[in-house]
Amino acid sequence: MRRILLACLLAWALPATAAETPKRGGTLTYMIPADAPPSFDGHREVTFATVHSVAPFYSVLIRINPMNPSSPDDFVCDLCTEMPKPIDAGKTWTFKIRDGVKWHDGTPLTAADVAASWNSIVYPAPGVLSARASIYSMIDTITAPDASTVVFKLKFATEAFLPALADAYAFVYKAETLAKDPHWYEKNILGSGPFKFTTYELGQSISGVRNPDYYLKGLPYLDGFVGIYAPKESTRVEAIRGNRAALEFRGLPPSAEQQLRKGAEDKIAVQTSDWNCVNNMTINHKRKPFDDVRVRRALALAIDQWKGAPALAKVTNIKTVGGIVFPGSPLAATKEELQKIAGFWPDIEKSRTEARRLLKEAGAENLSFELVVRNVDQPYKYTANWVIDEWSKIGVKVNQKVVPTGPWFEAMRGGTFDVVSESACQSLVNPILDVQKFLPTNVSPQNYNQYEDPKQVELYEKLLHETDPAKVRADMRAFEDYTLDTAAHTLILVWWYRIVPYQSYVKGWKISPSHFLNQDLGAVWLDQ
Amino acid sequence: MSATVIDDAPLPQRSFWQSTLRFCKRQPLGTFGLILVIIMAVTGFTAEWIAPYNPTANDFAAMTEPPSFAHLLGTDQFGRDLMSRIIYGARTALIVGLSSAVVGGFSGLVIGVASAYFGGLTDLIIQRVSDIVMAFPLIIMALAVVSIFGPGVHNVILAITIPLIPRCSRVVRSSALTIRSMPYVDAARACGFGHTRIILRHMVPNVVAPFLIMVTSFVGQAILAEASLSYLGLGVQEPVPAWGLMLQGGAEEYASTAPWIAIFPGVAIMLAVLGINLFGDALRDALDPKLRER
């Protein structure tokens with residue numbers, strides 16, 4: 001009887017085990033929904049086009065657990081040997097670096113490389129852009145006292161430190177190369193990650209092969225990968241439907257999911273998640289009349305988010321009305337709190353009347369400007385069309401200029417725009433760090449609104465140093481009200497929803513609220 | 001003795017309407033083309049009055065609706081009425097098509113006649129420059145120009161006009177070369193008339209027939225080029241209604257679930273270009289003395 005029971009148990013368990021036992025080999029082909037990355041340098045860039053292109057080539061110090069990427073605090077070591085416990089009242093963190101890690105050129109990776117990379121991120125050399133430098137304001141020094149130890153000393157203890165350290169863009173670069181030319185990684189690739197770089201064809205594809213010397217033994221499972229650039233959604237959907245590519249990691253709209261699953265329910269699997277990305281309209285404060293808060297406020301007041309969001313959710317990958325904080329987070333504004341902020345008023349007619357009054361008062365009744373839009377359908381072009389129509393309802397005329405990813409970033413960084421349809425996409429859900437994107441341009445290089453505002457920085461500093469959860473929440477409300485309403489520095493639109501349909505033979509990849517996370521492909525395998 | 005009577009009475013002149021009627025009888029396909037062109041022109045220029053909806057207004061209650069009485073050609077992914085967008089799109093197509101064809105055609109006319117008239121080094125330089133420009137297909141040249149100057153209606157007109165100039169000048173030059181050696185041109189020169197007068201009064205009127213045929217075909221080419229550029233995202237920008245633009249984005253995304261978003265703008269482009277080409281062919285037959293009496 002016992003044997004029969006055991007046999008039954010085995011019969012039930014074995015197929016599942018066999019199905020989930022990773023298989024080695026094969027090449028994963030995936031689509032990258034962009035024309036090309038603006039550069040290969042993760043420290044510099046803020047776009048998935050860079051991460052989806054080069055993350056498989058690089059290692060990081062720590063990362064979110066690839067098997068549990070939706071968690072905001074399940075961190076695991078990548079280059080370190082174990083997650084450290086802080087000393088000095090949470091102000092000193094010592095990481096031990098793995099032995100035997102090699103760069104793809106065969107030279108050994110040491111703690112000095114890790115320290116140099118992090119110093120380059122936190123304290124970039126003059127003329128070098130580090131897009132997320134501002135989120136590391138808690139870091140004082142980063143040193144490598146020996147070849148296997150890296151020490152981070154903080155100015156103040158904060159729970160925001162580890163999530164910041166697990167940033168998906170914080171690739172470890174070779175110290176020697178960084179010292180010779182800090183811009184080298186913008187156009188070249190040399191990492192220590194699971195895959196070695198093989199080819200890159202501008203606007204076409206990027207590929208890599210398995211790194212046989214990878215320090216996580218047994219990984220990666222894949223022989224290699226090919227990422228194909230295709231900004232047009234229809235191209236990507238057709239590629240997945242025809243199995244010329246297995247998936248795209250960023251996310252597709254509901255219509256594409258339906259299209260892919262139609263008649264292929266057994267072949268197409270889908271993972272979904274709320275997305276730590278929000279659309280925002282970046283307004284150039286240096287250009288008139290946008291230096292006038294009344295004009296910026298009027299632009300916010302014209303948009304009916306409560307009506308637009310549910311409708312757009314049917315055709316795009318945006319879904320949830322929210323403020324500056326990821327909806328669902330304990331720090332996010334409630335609906336009642338949100339409806340007091342300009343751009344979220346429940347009575348849209350009252351809102352638009354106020355918008356017209358403000359424009360008239362500011363002498364900008366016949367406002368006309370150019371909106372720069374990224375040449376990516378979802379959701380940039382959709383959002384742009386929506387807001388242009390909304391703005392027309394208060395008499396504002398907008399010319400849309402659709403540009404590829406590179407010129408889009410150039411316009412934002414160079415300040416050569418009136419208004420840009422942008423997005424604020426973050427890695428881990430960590431609102432205190434995530435809202436740094438909206439700090440003044442002189443504090444946050446990721447903020448392209450081109451302004452300085454000491455009061456906003458003061459509100460943020462108060463928030464950052466607060467440890468009482470109730471007070472943190474109150475401080476966040478004050479920061480949000482000031483940023484979106486009082487100063488109307490930027491316009492927050494609708495939060496995204498991530499839908500990733502993929503060929504069901506792709507295994508070992510889990511969705512997270514960020515399309516930046518979990519992209520090194522080390523644990524991905526093909527069940528073929 | 002018999003007397004020879006010479007009838008030197010002038011041939012009867014036909015009125016405009018008589019000529020038009022004669023054209024319609026002799027060129028039924030051309031007439032069909034002309035009707036399509038007229039419908040397109042009337043539609044485009046009266047869009048404000050005949051379009052049932054605002055072509056740029058989103059209507060979230062009517063997203064991707066199939067053709068119905070409320071929306072005869074259905075709606076797109078923003079709930080915008082496709083019929084209204086096609087009606088307004090006719091205006092965009094006409095503005096771009098006519099402007100490019102007329103400006104490109106007239107520039108080519110002047111350059112072509114001047115090239116033939118002056119000959120020598122002037123002709124050599126103009127023709128070699130034309131060779132260079134004509135080495136690029138129209139759409140490639142237009143793409144290059146838009147890449148330099150950026151998208152938008154005005155830049156699209158410029159982008160399409162530039163490659164049309166040498167195409168027109170080449171055809172006009174070949175006709176003008178024959179005319180240059182005519183005795184009346186020599187006579188005009190002998191009378192001491194200036195170059196401008198000889199070109200404009202004695203040469204240009206005699207190359208009008210091939211010129212008109214060229215310009216007509218240019219309108220169709222320009223409409224197609226505008227649609228192609230807009231489809232590629234380099235032409236007219238959203239939310240301006242333009243047929244090519246209507247074929248990208250939602251039209252591709254909803255090709256299987258809401259095919260009307262792609263079908264109707266495609267049909268509009270096809271009918272417009274077909275109409276212009278049929279009319280252009282008929283015009284050539286009507287104006288070409290060798291084909292006229294067939």
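These questions and answers walk through a predicted model of two chains, A and B.

Q: What ipTM and pTM does the model score?
A: This is a predicted model. Two overall scores come with it: the ipTM is 0.71 and the pTM is 0.76.

Q: What mean pLDDT does chain A have, and where does its pLDDT stay under 50?
A: Chain A has a mean pLDDT of 91, and 96% of its residues reach 70 or more. One stretch has zero contacts beyond four places in sequence. Where pLDDT is low, the predicted coordinates should not be read in detail. The stretch under 50 is residues 4-18 of chain A.

Q: Which element of chain B has the lowest mean pLDDT?
A: Chain B has a mean pLDDT of 85, with 94% of its residues at 70 or more. Among its elements, helix H3 (residues 47-50) has the highest mean, 92. At the other end, with a mean of 58, is helix H14 (residues 289-292) of chain B.

Q: How many helices and strands does chain B have?
A: Chain A has 17 helices and 18 strands. Chain B reads α-α-α-α-α-α-α-α-α-α-α-α-α-α along its sequence. Its count is 14 helices and zero strands.

Q: What radius of gyration does chain A have, set against a compact globule?
A: The C-alpha trace of chain A spans about 80 × 60 × 50 Å along its principal axes. A compact globule of 528 residues would have a radius of gyration near 24 Å. Chain A agrees with that, at 24 Å.

Q: What box do the C-alpha atoms of chain B fill?
A: Chain B is built from 14 helices. Taken along the principal axes, its C-alpha box is roughly 90 × 55 × 30 Å.

Q: Which element gives the largest share of the side of chain A that touches chain B?
A: In the interface, 21 residues of chain A are in contact with 18 residues of chain B. On the chain A side, helices H7 (233-241), H8 (254-261), H10 (305-312) and H13 (377-392) and strand E14 (397-403) each give two or more residues. The largest share is seven residues, from H13(A).

Q: How many nonpolar, polar and charged residues does the side of chain A that touches chain B have?
A: The side of chain A in question has 21 residues in contact with chain B. By class, they are five nonpolar, eight polar and eight charged.

Q: How are H8(B) and H9(B) oriented to each other?
A: Helix H8 (residues 183-190) and helix H9 (residues 195-203) of chain B pack at about 150 degrees, with axes 11 Å apart. An angle over 145 degrees counts as antiparallel in this scheme. So H8(B) and H9(B) are roughly antiparallel.

Q: Which residues of H9(B) make the contact with H8(B)?
A: H8(B) passes H9(B) in a right-handed crossing. From H8(B) come Tyr184(B), Val185(B), Ala188(B) and Arg189(B). The contact has five nonpolar, one polar and one charged residues. On the H9(B) side stand Ile198(B), His202(B) and Met203(B).

Q: How many charged residues does the contact of H6(B) with H7(B) have?
A: Helix H6 (residues 138-149) and helix H7 (residues 153-180) of chain B pack at about 140 degrees, with axes 8 Å apart. Residues that meet include Val145(B) and Phe149(B) in H6(B), and Val156(B) and Ile160(B) in H7(B). By class, the contact has 12 nonpolar residues, one polar and no charged.

Q: How are H4(B) and H10(B) oriented to each other, and what hand is their crossing?
A: Helix H4 (residues 82-118) and helix H10 (residues 208-231) of chain B pack at about 140 degrees, with axes 8 Å apart. That angle makes H4(B) oblique to H10(B). Glu226(B) is among the H10(B) residues that meet H4(B). The crossing is right-handed.

Q: Which peptide bonds, one ending at Pro289(A) and one at Pro239(B), are cis?
A: Most peptide bonds are trans. Pro289(A) is in the loop between strand E11 (268-283) and helix H9 (293-301) of chain A. Pro239(B) is in the loop between H10 and helix H11 (243-246) of chain B. The cis bonds, each with omega near 0 degrees, are Lys288(A) to Pro289(A) and Glu238(B) to Pro239(B).

Q: What is phi of Ala89(A)?
A: Ala89(A) sits in the loop between strand E3 (75-77) and strand E4 (92-96) of chain A. Most residues other than glycine have a negative phi. Phi of Ala89(A) is positive, near 55 degrees.

Technical notes
Residues are numbered from 1 along each chain as its sequence is written. Chains are lettered from A and ligands numbered from 1 in the order in which they are written. This is a predicted model: local features need pLDDT of at least 70, side-chain atom pairs count only at pLDDT 80 or more; totals for chains, interfaces and linings use all residues. Two residues are in contact if their C-beta atoms, placed from the backbone, lie within 7 Å. Helices (H or I, at least four residues) and strands (E, at least two) are DSSP runs, numbered from the N terminus. Ala, Val, Leu, Ile, Met, Phe, Trp, Tyr, Cys and Pro count as nonpolar, Asp, Glu, Lys and Arg as charged, and the others, Gly among them, as polar. Axes are lines fitted to C-alpha atoms, for helices over the stretch in contact, and angles run from 0 to 180 degrees between N-to-C directions. Angles under 35 degrees count as roughly parallel, over 145 as roughly antiparallel, 65 to 115 as roughly perpendicular and the rest as oblique. A crossing is left-handed if the near helix is turned anticlockwise from the far one by less than a right angle, and right-handed if clockwise. pLDDT is the predictor's confidence in each residue, from 0 to 100. The radius of gyration is taken over C-alpha atoms; the globule rule is 2.2 Å times the number of residues to the power 0.38.
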